[in-house]
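Welcome! Please take a moment to look over the model shown here, and then we will walk through it together.

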Amino acid sequence: MPPLSVVAFTLLAALTLGSAGVVAFSKNIIHSALALLGTFLGIAGLYITLSADFLAATQVLVYVGGTLTLILFAVMLTSRIEDMKVSNPQTGVGAAFGLIAVALLVLGKVATETTWPSEVKPAVPDTAKLGHAFLGEYLLPFEIGSVVLLAAMIGSVVLARRSLKRAWEKG
Amino acid sequence: MEIGLVHYLTVSAVLFGLGLFTVMTRKNAVGILLGVELILNAAALNFVAFEHFVAGGISGQVFTVFIIVLAASEAAIALAIVLQVYRNYRSIMADRLTALKN
């Protein structure tokens, strides 16, 4: 019987990569979008095993609650129901496999040949440290991030609305 | 067997590969966005793994929070653009949007 951490890591990694495989290879865009849910939940679980539990909660709230809902809205509003079977066509599979093989070879070589000063630490929650970092050392990037979110919100509303012209705007 | 840095790096690299594959092979613009989300998640997982096993401190998690913020705003803007493209072309297949060619 392997230790619990190994079992948890294996299950979460399988969930993450299995759902990512469905995202990459599914013929139906709805299945791709829904499989992204499994990837996000798996990544959130991996964050917990890395003792980043605040990040796990943020991942579930922002990605599953926000981004995934947005993506599903976009899928429903833009795919016509009758051609759902071919809603997600693929092209250039061979070239993509070649590039990915090269990229993974380079990444694997770097990761295995570098001697990381790695040590296994127990998982301890450090949300309080994260809060102090945001309100101390990283205060300016934090505020700039808020402004970026506001700008993105206004920008997407302006982009997505229909262009209605009032009577006094014509001519 | 002990779960170490290399295991997390492997998961992250495979996730990045699948994301890159999605971005390169999809024609549907929303499908391409799904691939971008996979790549961003792979990068964020790497940040947290390196912080936990190598760097220590908290900066990796701070970076990951900023990645999540930027991914959320990117998704909102990109989907607004996708909606407008669909209204104008009645299609969001990336190979049909050739108005700027030639």
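## A guided look at chains A and B

Let us start with a single residue: A:Leu135 lies in helix α5 of chain A. Keep in mind that everything here comes from a predicted model. Is A:Leu135 buried or exposed? A:Leu135 has 10 other C-beta atoms within 10 Å, and a residue with 12 or fewer counts as exposed, so A:Leu135 is exposed. To get a feeling for distances, compare A:Leu135 with A:Ser5: the two are 130 residues apart in sequence, and their C-alpha atoms are 33 Å apart in space.

**Chain A as a whole**

Stepping back, chain A has six helices and zero strands. Read from the N terminus, the order of elements is α-α-α-α-α-α. Chain A has 171 residues, of which 23% count as buried. Take the contacts in chain A between residues at least 6 apart in sequence: 56% of them join residues at least 24 apart.

Chain A is also divided into two stretches, domain 1 (1-82) and domain 2 (126-171). Between the C-alpha centres of domain 1 and domain 2 of chain A there are 25 Å.

**Helix α2 of chain A and the residue after it**

Helix α2 of chain A covers residues 29-49, which makes 21 residues. From its first C-alpha to its last, α2(A) reaches 31 Å, close to the 30 Å expected at 1.5 Å a residue.

What comes just after α2(A)? There you will find A:Ser51, with a positive phi of about 60°. Most residues other than glycine have a negative phi, so this spot is worth a look. A:Ser51 sits in the loop between α2 and α3 of chain A. With 19 C-beta neighbours inside 10 Å, A:Ser51 is counted as partly exposed, because 20 or more would be needed for a buried residue. A:Ser51 and A:Ala20 are 31 residues apart along the chain, and 23 Å separate their C-alpha atoms.

**Where the two chains meet**

Now turn to the second chain. How many residues of chain A are in contact with chain B? There are 71, and they touch 57 residues of chain B. Several helices of chain A each supply at least two residues of this side: α1 (4-25), α2, α3, α4 (93-113), α5 (127-135) and α6 (139-160). The largest share, twelve residues, comes from α3(A). By class, the side of chain A that touches chain B has 46 nonpolar, 21 polar and four charged residues.

Three helix pairs across the two chains are set out here.

| Helix pair | Distance between axes | Angle |
|---|---|---|
| α1(A) and α1(B) | 9 Å | about 10° |
| α2(A) and α2(B) | within 11 Å | roughly 5° |
| α3(A) and α2(B) | within 11 Å | roughly 170° |

We can take the pairs one by one. The partner of α1(A) is helix α1 of chain B, residues 5-25, and the axes of the two pack at an angle of about 10°. That makes α1(A) roughly parallel to α1(B). Among the residues that meet here are A:Phe9, A:Leu17 and A:Val23 in α1(A), and B:Val11, B:Leu18 and B:Phe21 in α1(B). This contact has eleven nonpolar, four polar and no charged residues.

Next come the two α2 helices, whose axes cross at roughly 5°. They are therefore roughly parallel to each other. The contact includes A:Ile29, A:Leu36, A:Ile43 and A:Tyr47 of α2(A), together with B:Leu34, B:Leu38, B:Asn41 and B:Leu45 of α2(B). Its residues divide into eleven nonpolar, four polar and one charged.

How do α3(A) and α2(B) run, roughly parallel or roughly antiparallel? Helix α3 of chain A covers residues 53-78, helix α2 of chain B covers residues 29-55, and their axes cross at roughly 170°. The two helices are therefore roughly antiparallel to each other. On the α3(A) side, residues such as A:Leu55, A:Ile71 and A:Val75 take part, and they meet a set in α2(B) that includes B:Val30, B:Leu33 and B:Glu37. The residues of this contact divide into eight nonpolar, two polar and one charged.

Definitions and conventions. Residues are numbered from 1 along each chain as its sequence is written. Chains are lettered from A and ligands numbered from 1 in the order in which they are written. This is a predicted model: local features need pLDDT of at least 70, side-chain atom pairs count only at pLDDT 80 or more; totals for chains, interfaces and linings use all residues. Axes are lines fitted to C-alpha atoms, for helices over the stretch in contact, and angles run from 0 to 180 degrees between N-to-C directions. Helices (H or I, at least four residues) and strands (E, at least two) are DSSP runs, numbered from the N terminus. Angles under 35 degrees count as roughly parallel, over 145 as roughly antiparallel, 65 to 115 as roughly perpendicular and the rest as oblique. Two residues are in contact if their C-beta atoms, placed from the backbone, lie within 7 Å. Ala, Val, Leu, Ile, Met, Phe, Trp, Tyr, Cys and Pro count as nonpolar, Asp, Glu, Lys and Arg as charged, and the others, Gly among them, as polar. The expected span of a helix is 1.5 Å times one less than its number of residues. Domain bounds come from an automatic or database domain assignment.
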